[in-house]
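These are my notes on the model, set out as numbered points. Please read them alongside the sequence and the coordinates.

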Amino acid sequence: MERAAPLAVPLGQTEVFQALQRLHMTIFSQSVSPCGKFLAAGNNYGQIAIFSLSAALSSEAKEESKKPVVTFQAHDGPVYSMVSTDRHLLSAGDGEVKAWLWAEILKKGCKELWRRQPPYRTSLEVPEINALLLVPKENSLILAGGDCQLHTMDLETGTFTRALRGHTDYIHCLALRERSPEVLSGGEDGAVRLWDLRTVREVQTIEVYKHEECSRPHNGRWIGCLATDSDWMVCGGGPALTLWHLRSSTPTTIFPMRAPQKHVTFYQDLILSAGQGRCVNHWQLSGELKAQVPGSSPGLLSLSLNQQPAAPECKVLTVAGSSCRVDVFTNLGYRAFSLSF
């Protein structure tokens with residue numbers, strides 16, 4: 001009896017599938033390698049792509065230099081957040097955080113080193129982990145997301161040491177006050193909460209939406225982004241992007257931006273923000289909009305400033321969101337080129 005011939009795969013089917021994937025791609029997270037020469041980007045399909053910034057920025061760069069040097073499947077669902085230690089790339093998806101050795105990734109050996117799942121209330125609970133935050137002084141990692149808690153993991157032992165409870169809805173973002181062991185968290189409940197890591201207690205709560213000058217009820221109360229610089233905090237989301245003095249819990253500057261912002265960071269004497277729309281916004285601390293620089297994605301979710309001292313030639317701003325591209329700004333005033341999955 002003759003065997004049936006194997007089914008022929010239509011020519012170009014893989015290329016069509018990959019083109020459709022890129023068309024519907026969202027890049028949620030970015031992280032720069034310890035050496036400063038590579039950039040990891042995580043998307044909604046659970047893939048992590050590694051780009052060579054040094055090759056893409058070279059005077060001899062070709063189109064191929066703007067493609068990933070390696071792409072691997074990291075999670076079953078979206079890669080919501082990533083951070084890098086001096087040796088590891090840490091990535092977070094639905095209910096778990098994984099570690100990868102940068103040295104092995106760059107050799108294209110993309111095998112996970114370990115994975116950990118926070119102690120959730122039930123085994124059926126698989127909440128997304130929206131934010132990762134390194135606390136270098138205590139060699140720990142804080143993760144937060146859909147279970148409304150902040151979990152602290154000891155990076156040396158891999159054990160979870162504490163859970164901080166107070167949010168009543170899921171958490172979107174985290175920020176570290178480097179001069180003191182304090183962490184800020186912002187969530188869907190409209191609150192920014194300040195936690196003392198020494199006492200493991202919530203020491204301050206700012207319900208942004210309750211301040212009339214910040215409130216925008218039509219957008220909701222959620223806090224989607226925050227950043228800190230000493231005694232100052234900037235946060236936004238449903239409420240207006242606002243600069244706060246933390247000691248007095250006072251809003252000092254309301255930034256005139258209608259669109260909800262999804263990422264914000266302090267940079268020198270500026271605040272950079274991005275969200276709905278194509279532009280990266282450059283703000284003076286006084287509230288004046290200094291510049292709006294367009295990118296290639298219709299919505300922006302992630303800003304990454306590469307300030308690794310080991311690679312000053314790769315000092316760039318990279319921006320990603322609702323497309324398969326990562327925009328590279330060698331000068332904050334314009335987009336130089338885009339990397340692409």
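1. Residues 164-205 are 0% helix and 62% strand. The C-alpha atoms at the two ends of this stretch are 14 Å apart. The model is a predicted one, and these values should be read accordingly. The same range, residues 164-205, carries the annotation "repeat: WD" in an unreviewed UniProt entry; that label comes from the record and not from the coordinates.

2. Asp-196 falls within residues 164-205 and lies in strand β15, which runs over residues 191-196. Is Asp-196 buried or exposed? Its relative accessibility is 8%, and because buried means under 20%, Asp-196 counts as buried. Beyond neighbours within four places in sequence, Asp-196 is in contact with Pro-181 and Glu-182 on one side of the numbering and with Arg-201 and Val-203 on the other.

3. Met-25 sits in the loop between α1 (13-23) and β1 (27-32). Although placed in a loop, Met-25 has 3% relative accessibility and therefore counts as buried.

4. Which residues does Met-25 touch, leaving aside neighbours within four places in sequence? One set is Asn-43, Asn-44, Tyr-45 and Gln-47. Another is Gly-321, Ser-322, Ser-323 and Cys-324, and Phe-341 is also in contact with Met-25. For Tyr-45, the C-alpha to C-alpha distance from Met-25 is 7.7 Å, with the two positions 20 residues apart in sequence terms.

5. On the whole chain: the protein has 3 helices and 28 strands. Among contacts between residues at least 6 apart in sequence, 46% join residues at least 24 apart. The contacts of Met-25 with Gly-321 and Phe-341 can be set beside that figure.

6. On overall dimensions: a compact globule of 341 residues would have a radius of gyration near 20 Å, and the protein has 21 Å, so the two agree. The C-alpha trace spans about 80 × 45 × 40 Å along its principal axes. Both values deserve a place in any description of the model.

7. On burial and surface: 53% of the 341 residues count as buried, Met-25 and Asp-196 among them. The protein exposes about 16,300 Å², of which carbon and sulfur atoms supply 50%.

8. On charge: how many positive and negative side chains are there? The protein has 33 of each, and the centres of the two sets lie 3 Å apart.

Conventions. Residues are numbered from 1 along each chain as its sequence is written. This is a predicted model: local features need pLDDT of at least 70, side-chain atom pairs count only at pLDDT 80 or more; totals for chains, interfaces and linings use all residues. Side-chain values use heavy atoms; hydrogens and water are left out. Helices (H or I, at least four residues) and strands (E, at least two) are DSSP runs, numbered from the N terminus. The radius of gyration is taken over C-alpha atoms; the globule rule is 2.2 Å times the number of residues to the power 0.38. Buried means under 20% relative accessible area, exposed over 50%, partly exposed in between (1.4 Å probe, protein chains only). Contact means heavy atoms within 4.5 Å. Accessible areas come from the Shrake-Rupley method with a 1.4 Å probe; for residues, only the protein chains shown count as cover. Lys and Arg count as positive and Asp and Glu as negative; His and the chain ends are not counted. The place of a charge is taken as NZ of Lys, CZ of Arg, CG of Asp or CD of Glu. UniProt positions are given in the numbering used here, feature names are shortened, and annotations may be inferred rather than shown by experiment.
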